[in-house]
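I opened my notebook to look up how two helices can pack together. Here is what I wrote down as I went.

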Amino acid sequence: MVPVRFHIHTSRLLRSLAGTCISLALCFLLYTVLDVNVLDHLAPQDDEADVINYFYSIENRGPDTEAYSCFYDDRIVLFDLEGEKSRAAIAEAIERIDACAPAAILLDVIFPAAATTDTAEDRRLRNAVTEARNLYAACRLTDGETERSFFVTDGNIPEGLVNRLTYFRPAETEQGDTIPYLPYLATGTTGTPDPYRTVNYFDKEFFTTGISQPLLPDDIRGRFVLVGDLKDLRDTPFRIGGTHRVPGTVLLAHTLSTILHDTWVVKLAPVWGAAAAFVLTFLFTYFCYAVRESRRLHPRWANFIESAARILLIVLLMLAGYCLFSKYGVVLNLVYTMFALALTGFAADIVELAGWVRGRHRTRKRSGRTKKNATDE
């Protein structure tokens, strides 16, 4: 038996390296500078945000799909105000919730001071939120101004921002003041902002009750209760619970759930995507040269194998990226890799053409020297 040896061809390595550099350069030129994305027909992904949105659109259920596979978060309760406008009725609801000993009450409603409101109702609401244990009020940043409820002016009631934030950021600094975000404030979570740790928006189910329904202490005790109007809908780029129109309180619940269970969706730094693009493009370019230069394959078969392998690898990369997201909550942007792989054939042709032109130029120079020497003699 003669052992099979793997031969590394220096010329092939150099040409593969050149082809890889050309593929990546063309990818950068077309994809980043000129914003031409030929892969939009395969997957509408331009950057990490689009990759995440596209994966969520696959992972989360459709409008007619049952929620049987959703994660049920038993630490969070959604309390629907059902469009109730009476501040006295809302105050009574807060008192009922507080009597059930929740871990915290997150009031996802802002009650601005208004001359048209009943002062008795305002006083009742102020007393309810002031006497409640572990109640956190909402505020919102709007055009550099902080919108807050009338009852937090004395500073006795902790308040947190409810502006939608899709990554780990416990607080916001505005005009020298540090204002925490509501779910981080309620859980006591602090830390340095990290845009690579994003909120987990995989479909979840929360126990939901309303202002018109009776409360059972066992449903509330020890849980985080988010109080808001579930008819206040926001547009989302992907489905949550089967719809693109999602209550703001539900989005806040997803952030709170991510913090409580530490289930962040982690985006890998762009350098990992660039490294994957370089390594995989180089290996595939080397494979293409090996197929093209094989003496055992007819050129027609070589072309077919190269094209089929390219398509198969791109499809596998799409599946691999989705599996990383679905199984491990990790986002690796492989779009640049897929785009560079699509350009490897053209890049290899450029390298071969450059080699042919260079060879012709050398041949002409030698021919010129030979004729000159013959004339001199």
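**Entry 1: a pair of helices.** I began with α8 and α10, which are roughly parallel to each other (angles under 35 degrees count as roughly parallel, over 145 as roughly antiparallel, 65 to 115 as roughly perpendicular and the rest as oblique). Helix α8 covers residues 270-292 and helix α10 covers residues 335-342; they pack at about 25 degrees, with their axes 8 Å apart. I noted that axes are lines fitted to C-alpha atoms, for helices over the stretch in contact, and that angles run from 0 to 180 degrees between N-to-C directions. The crossing of α8 and α10 is right-handed (the near helix is turned clockwise from the far one by less than a right angle; anticlockwise would be left-handed).

Which residues in α8 meet α10? I found Gly273, Ala276, Ala277, Leu280, Thr281 and Phe284 in α8, facing Tyr336, Thr337, Ala340 and Leu341 in α10. Contact means heavy atoms within 4.5 Å. The residues of this contact of α8 with α10 divide into seven nonpolar, three polar and no charged. Ala, Val, Leu, Ile, Met, Phe, Trp, Tyr, Cys and Pro count as nonpolar, Asp, Glu, Lys and Arg as charged, and the others, Gly among them, as polar.

**Entry 2: ground rules.** This is a predicted model, where local features need pLDDT of at least 70 and side-chain atom pairs count only at pLDDT 80 or more, while totals for chains, interfaces and linings use all residues. Residues are numbered from 1 along each chain as its sequence is written, and side-chain values use heavy atoms, with hydrogens and water left out.

**Entry 3: the whole chain.** I counted eleven helices and 15 strands in the protein chain (DSSP runs numbered from the N terminus: H or I of at least four residues for helices, E of at least two for strands). Of its 377 residues, 41% are buried (under 20% relative accessible area; exposed is over 50% and partly exposed lies in between, with a 1.4 Å probe and protein chains only). Among contacts with a separation of 6 or more, 75% join residues 24 or more positions apart.

**Entry 4: another pair.** Helix α3 (residues 87-99) and helix α4 (residues 119-131) pack at about 20 degrees, and their axes are 8 Å apart. That makes α3 roughly parallel to α4. Here the crossing is left-handed. I sorted the residues of the contact of α3 with α4 into seven nonpolar, no polar and eight charged.

**Entry 5: three single residues.** Is Glu306 buried or exposed? Glu306 counts as buried, at 5% relative accessibility. Glu306 is found in helix α9 (residues 299-328). Leaving aside neighbours within four places in sequence, Glu306 touches Phe284, Cys288, Arg292 and Gly345.

Next I looked at Tyr56 in helix α2 (residues 48-59), buried at 1% relative accessibility. Tyr56 and Phe325 are 269 residues apart along the chain, yet 9.0 Å separates their C-alpha atoms. Beyond neighbours within four places in sequence, the contacts of Tyr56 include Val199, Phe238 and Phe325.

Last came Thr236 in strand β12 (residues 233-240), which is buried with a relative accessible area of 8%. The C-alpha atoms of Thr236 and Asn53 are 9.3 Å apart, although their positions lie 183 residues apart along the chain. Setting aside neighbours within four places in sequence, Thr236 is in contact with Arg164, Thr243, His244, Val246 and Leu251.
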